[in-house]
Amino acid sequence: ASFFARMFVQVCLYFYCKCLWRCLKFVVRKLTGRCELQRICYNTKPGAARTMKIEASLKGSKSKRLQTSVSVHPDAVEKTIDDIMELKRINPDINPQLGVSLQACLLQIVGYRNLIAEVEKLRREPYDSENPQHEEMLLKLWKCLKPNSPLKARISKQWCEIGFQGDDPKTDFRGMGLLGLYNLVYFAEWDTEIAQQVLSDSLHPKYSAWQYLDFLFSFPSQFSKAEWEKKKFDKAIGYSFAIVGINITDLAYNLLVSGALKTHFYNIAPEAPTLTHFQQTFCYLMHEFHKFWIEEDPLDIMEFNRVREKFHKRILKQLQNPEMALCPHFAASESLINM
């Protein structure tokens, strides 16, 4: 009985608040002469703060036309904005900037939905060793990461040098499908220097090759044999570069699907976020996870899940800030300011 009583109270409270909220919006519109969409665009600066409020307003509208506007095809956005202006009885001649602002927000909203679909399609497509394009991408990954070490054979233990588990990488892509390969190739091709450095550091995570040489040439003048042996093993645990890349792809995928990346993408993409934005974000996450791993200084590779979860929570906390952009060097264009 108490359960049904609580349910009844919650239902009554829901409808009361919903009706009260609609009444409040009606009163505010009468007092200001502006609808909620106008107030958001005029009072909130461009970026995630504005777009997320517009998205919530459209989804929460009692009008089906407004509710479905967040899922239209990108080509229909301009027509949808005209419909919204007409439905809300907003004169575009008096409010010319409003249409531009709403269009930018709606492009971001529908673009994010389409990006999820595109990423999901890649994730669901398995790696096929009989597909020449798949094989070409895999070989490109090797050439970018190990340009001075030719691959002796397609099936080779050499793949372990860049962090795959066995002599045929195709088995490691099962969880993330082609998405994992796409991200790794993008990182290696477009951020080559950093990717190669992260790969090298993953093999010798605390000390670079130059630091090892310093230790070597200073022995025995500065270090006793015992001290040198301690120095040699006093380093953070390394990890498998490619396997971690696929794992970080999974992290980025979950951030995207959960909606957590809306803050980031709405701040960096003036219009619709694309697969390139997602891959750039992956590069950022790879670089940041690598630094985080070194800072955590785990005892062994068995601590990977703990470190990954801690890193995940850090990123989620950062994304709660509506002004957050994970990759400052991929900041939105200045044209966003004028929208």
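**Figure 1. The buried residues of helix α15 pack against three other helices, α12 (241-258), α13 (262-268) and α14 (275-296).** The view comes from a predicted model. Helix α15 runs over residues 304-319 and has 16 residues. From its first C-alpha to its last it reaches 22 Å, close to the 22 Å expected at 1.5 Å a residue. Which residues of α15 are buried? They are Phe304, Val307, Arg308, Phe311, His312, Ile315 and Leu319. These residues lie on the same side of α15 because they cover an arc of only 140 degrees around the axis. The face turned away from this buried side carries Lys313 and Lys317, which are exposed.

**Figure 2. A salt bridge joins Arg308 of α15 to Asp250.** The closest N and O atoms of the two residues are 3.0 Å apart. The pair links distant parts of the chain, with Arg308 in helix α15 and Asp250 in helix α12, 58 residues apart. Is each partner buried or partly exposed? Arg308 is buried, with a relative accessible area of 13%. Asp250 is partly exposed, at 25%. Elsewhere, Glu296, Glu303, Arg306 and Lys310 are joined into one network by salt bridges that share partners. The count for the model comes to 17 salt bridges.

**Figure 3. Helix α9 has its buried residues on the same side.** This helix spans residues 192-203 and has 12 residues. The distance from its first C-alpha to its last is 17 Å, close to the 16 Å expected at 1.5 Å a residue. Ala195, Val198, Leu199, Asp201 and Ser202 are the residues of α9 to look for, and they are buried. The arc that they cover around the axis is only 165 degrees, which puts them on the same side of α9. What do the buried residues of α9 pack against? Their partners are α7, α8, α12 and α14.

**Figure 4. Asp172 is buried yet has no salt bridge.** Asp172 sits in the loop between α7 (132-145) and α8 (177-190). How far away is the nearest side chain of opposite charge? That side chain belongs to Arg174 and is 7.4 Å away. A salt bridge needs a side-chain nitrogen within 4 Å of a carboxyl oxygen. Leaving aside residues up to four places away in sequence, Asp172 touches Phe164, Gln165, Gly166, Ile243 and Ile246.

**Figure 5. Phe173 is a buried residue of the loop between α7 and α8.** Its relative accessibility is 2%, so Phe173 counts as buried. Not counting residues up to four places away in sequence, Phe173 touches Tyr127, Leu138, Phe164, Gly180, Leu181, Leu184 and Ile246. One of these contacts, Tyr127, is 46 residues from Phe173 along the chain. The C-alpha atoms of Phe173 and Tyr127 are separated by 6.6 Å.

**Figure 6. Asp168 and Arg154 meet in a salt bridge.** The N to O distance between their side chains is 2.9 Å. Both residues lie in the loop between α7 and α8, so the pair ties together parts that are 14 residues apart in sequence. Asp168 is buried, with a relative accessible area of 14%, whereas Arg154 is partly exposed, at 22%.

**Figure 7. Asp83 and Lys79 form a salt bridge within helix α5.** The closest N and O atoms of this pair are 2.9 Å apart. Where do the two residues lie? Both are in α5 (residues 77-87), four residues apart, which is about one turn of the helix. Asp83 is partly exposed, with a relative accessible area of 22%.

**Figure 8. Cys41 is in no disulfide.** A disulfide is a covalent bond between the sulfur atoms of two cysteines. How many disulfides does the model have? The count comes to zero. For Cys41, the nearest cysteine sulfur is that of Cys105, 5.3 Å away. The cut-off for a disulfide is a pair of sulfur atoms within 2.5 Å. Cys41 is buried, with a relative accessible area of 6%. Cys283 is also buried, and its relative accessible area is 6%.

Technical notes: Residues are numbered from 1 along each chain as its sequence is written. This is a predicted model: local features need pLDDT of at least 70, side-chain atom pairs count only at pLDDT 80 or more; totals for chains, interfaces and linings use all residues. Side-chain values use heavy atoms; hydrogens and water are left out. The expected span of a helix is 1.5 Å times one less than its number of residues. Buried means under 20% relative accessible area, exposed over 50%, partly exposed in between (1.4 Å probe, protein chains only). The arc is that of the directions from the helix axis to the C-beta atoms. Contact means heavy atoms within 4.5 Å. Lys and Arg count as positive and Asp and Glu as negative; His and the chain ends are not counted.
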